[in-house]
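I opened my notebook beside the structure today. I want to note what I looked up, one item at a time.

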Amino acid sequence: MTYDAQIDTAIARLHEEGRYRTFIDIERERGNFPHAVWTRGDGTKTPVTVWCGNDYLGMGQNPVVLNAMHDAIDATGAGSGGTRNISGTTVYHKRLEAELADLHGKEAALLFTSAYIANDATLSTLPKIFPGLIIYSDALNHASMIEGVRRNGGAKRVFRHNDVAHLRELLEADDPALPKLIAFESVYSMDGDFGVIEELCDLADEFNCLTYIDEVHAVGMYGRRGGGVTERDNLADRIDIINGTLAKAYGVMGGYIAASDRMCDAVRSYAPGFIFTTSLPPAVAAGAAASVAHLKHDQSLRDAHQTQARILKMRLKGIGLPFIDHGSHIVPVHVGDPVHCKMLSDMLLEDHGIYVQPINFPTVPRGTERLRFTPSPVHGPREMDALVHALDTLWSHCALNRAELSA
C-alpha cells in the first residue's frame with residue numbers, strides 16, 4: 001500500500017468531478033458586516049461582500065454581544081478549563097442554559113460545543129436511555145442527525161421528505177410496544193423549505209412517539225421571541241427535544257438541546273459527546289446569552305431579515321434566474337452542474353467582489369448543485385444591486401442555457 005498515492009487519487013477524484021472544496025481566506029471587519037477582506041493566494045487583499053454567511057442577523061457584530069464577551073474575558077480569562085463535569089461549568093454556562101430553556105418554554109437546556117455535536121451526541125445516546133428505541137428520520141435531515149442515528153446502534157427508519165403517509169406506513173409496520181422517536185427539521189437549509197411539524201406531531205401523538213426537531217436555521221429568526229418555527233406556529237409544547245445553534249442567527253458559537261429537566265439530565269449523564277468535551281469558553285457563553293436575550297425583544301431585526309429575503313427573490317425573479325422559493329429566508333439559485341457552479345462562484349468573487357460558496361455533492365444530490373444566498377438585514381440596496389447586476393451579467397456571459405439549468 002502506497003498511502004500518499006491513495007491520498008492523491010482520492011483528492012484527484014474530487015477535482016475531476018468538479019467538487020473539490022476550496023477555503024476562501026476571509027477577514028470580517030468589525031462593524032462593517034457583510035463587508036470583509038479576501039486575502040488572495042499571492043497575499044494581496046481585496047474587499048468583498050459576503051453573501052453566504054450564516055450570521056443571518058449580523059449579531060456577530062452587535063455591540064450587545066461584543067461587550068458581553070469583553071466583560072467575560074476581563075472577568076474570567078480565555079478558556080473554561082475543563083469539561084462540564086470537571087471545572088468547566090461556570091455562571092456563564094448556567095445563565096445561557098437558562099436563557100435557552102426560557103426561549104423554548106422548556107424546563108431545561110443543555111449546551112454543546114456545536115449543534116452538530118448536540119444532534120450527534122443526543123441521537124446516538126437516546127437508545128441507551130430507551131432500550132429498543134426506533135428512530136424515524138426524515139430523508140433530508142442534516143448530516144449530524146444522520147450520523148447520530150447511524151451510530152446509536154438501534155433501529156432506524158428513513159421516511160421520504162415531509163411524506164406523512166410514508167411515515168405512517170413505517171410506524172404501522174413496527175411493534176407498537178417499542179419506544180419510538182420521530183426526528184425532523186423546521187427549516188431545511190439547502191432548499192429552504194419547512195417541515196410539516198404539526199402533521200408529524202399528530203402522528204407522534206397517535207403512535208406514542210417522542211419528537212425531536214432541529215431548529216438550527218430558524219432559532220432567532222422566527223417566532224415572537226426567536227424561538228423558531230415551533231414558537232411561530234405554537235407547537236413548541238408538542239416537541240420533546242428541540243435542537244438549536246448559537247452560531248447562526250445568534251452570531252456566536254455552540255449548540256444545545258432544550259427539553260424536560262429529566263431528559264436533559266439523562267443526556268448529560270450518558271452522552272460521551274457531552275461528558276468528554278471541554279465546555280465552551282465563558283466569553284462565548286456570555287456573548288451567546290446576551291444575543292439570545294437581545295433577540296427575544298428585537299422583532300425589528302427579524303422583520304428586516306424577512307424583507308431582505310423577499311426583495312432578493314423578487315429581484316432574481318425579475319432577471320429570470322432559477323431560484324428555489326419555499327417561503328423561508330434561504331435563497332438557493334439552481335445551477336445543476338458542479339463545474340459551472342464553481343465557475344460562477346469564482347467569477348463572482350474575482351470579478352465582482354461577491355463571495356458565495358458553491359454547494360455541491362454530497363451536501364446536495366448530484367445534479368442539484370447551487371449557489372445558496374443568505375440575505376441579512378445589513379445587506380442594503382447597494383449590495384443587492386451589485387449582486388443582481390453581477391448575476392445577470394455572468395449568467396449571460398457564461399452562455400449557460402437557462403432552460404437547461406432550470407430543468
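Between which two strands does the loop with proline 34 lie? I looked, and proline 34 sits between strand E1 (26-28) and strand E2 (35-39). I note here that this model is predicted.

**Entry: two cis bonds**

I checked the bond leading into that proline. Phenylalanine 33 and proline 34 are joined by a cis peptide bond, with omega about 15°. Then I found a second case. Phenylalanine 361 to proline 362 is also a cis peptide bond, and its omega is near 10°. Proline 362 belongs to the loop between strand E15 (358-359) and strand E16 (370-373). I wrote both down because most peptide bonds are trans.

**Entry: positive phi**

Next I looked up two asparagines. Most residues other than glycine have a negative phi. Asparagine 162 has a positive phi, near 60°. I placed asparagine 162 in the loop between E6 and H6. Asparagine 234 has a positive phi too, about 55°. Its loop runs between helix H8 (229-232) and strand E11 (241-245). Is asparagine 234 buried or exposed? Its relative accessible area is 65%, so asparagine 234 is exposed; the cut-off for exposed is over 50%.

**Entry: helix H6**

From asparagine 162 I moved on to H6, at residues 164-173. At the start of this helix, I checked aspartate 163. One of its side-chain oxygens comes within 3.2 Å of the backbone nitrogen of alanine 165.

Which residues of H6 are buried? I listed Val164, His166, Leu167, Leu170 and Leu171. Why do they line one face of the helix? Looking down the axis of H6, I see the buried residues fall within an arc of 155°, so they share one face.

Then I turned to the face pointing away from that buried side. There I found the exposed residues Ala165, Glu172 and Ala173.

I also asked what covers the buried residues of H6. The cover includes strand E5 (134-138), strand E6 (155-159) and strand E7 (180-185). Helix H7 (197-207) is part of the cover as well.

**Entry: a surface patch**

Last, I looked at the surface. Ile7, Ile11 and Tyr20 make a nonpolar patch of about 260 Å². I picked out isoleucine 11, which lies in helix H1 (residues 3-16). How does isoleucine 11 count by accessibility? Its relative accessibility is 35%, so I put isoleucine 11 down as partly exposed.

Key
Residues numbered from 1 in each chain as written. Predicted model: local features only at pLDDT ≥ 70, side-chain atom pairs only at ≥ 80, totals over all residues. Heavy atoms only, no water. Patch = residues over 30% accessible without salt bridge, like charges linked within 9 Å, V, L, I, M, F, W, Y side chains within 5 Å. Areas by Shrake-Rupley, 256 points an atom, 1.4 Å probe, with all protein chains shown as cover. Salt bridge = Lys/Arg side-chain N within 4 Å of Asp/Glu carboxyl O. Helix = DSSP H or I, 4+ residues; strand = E, 2+ residues; numbered from the N terminus. Buried < 20%, exposed > 50% of the residue type's maximum accessible area, 1.4 Å probe, protein only. Arc of directions from axis to C-beta. Contact = heavy atoms within 4.5 Å. Polar contact = N/O pair within 3.5 Å; in protein donor to acceptor, adjacent residues only side chain to side chain.
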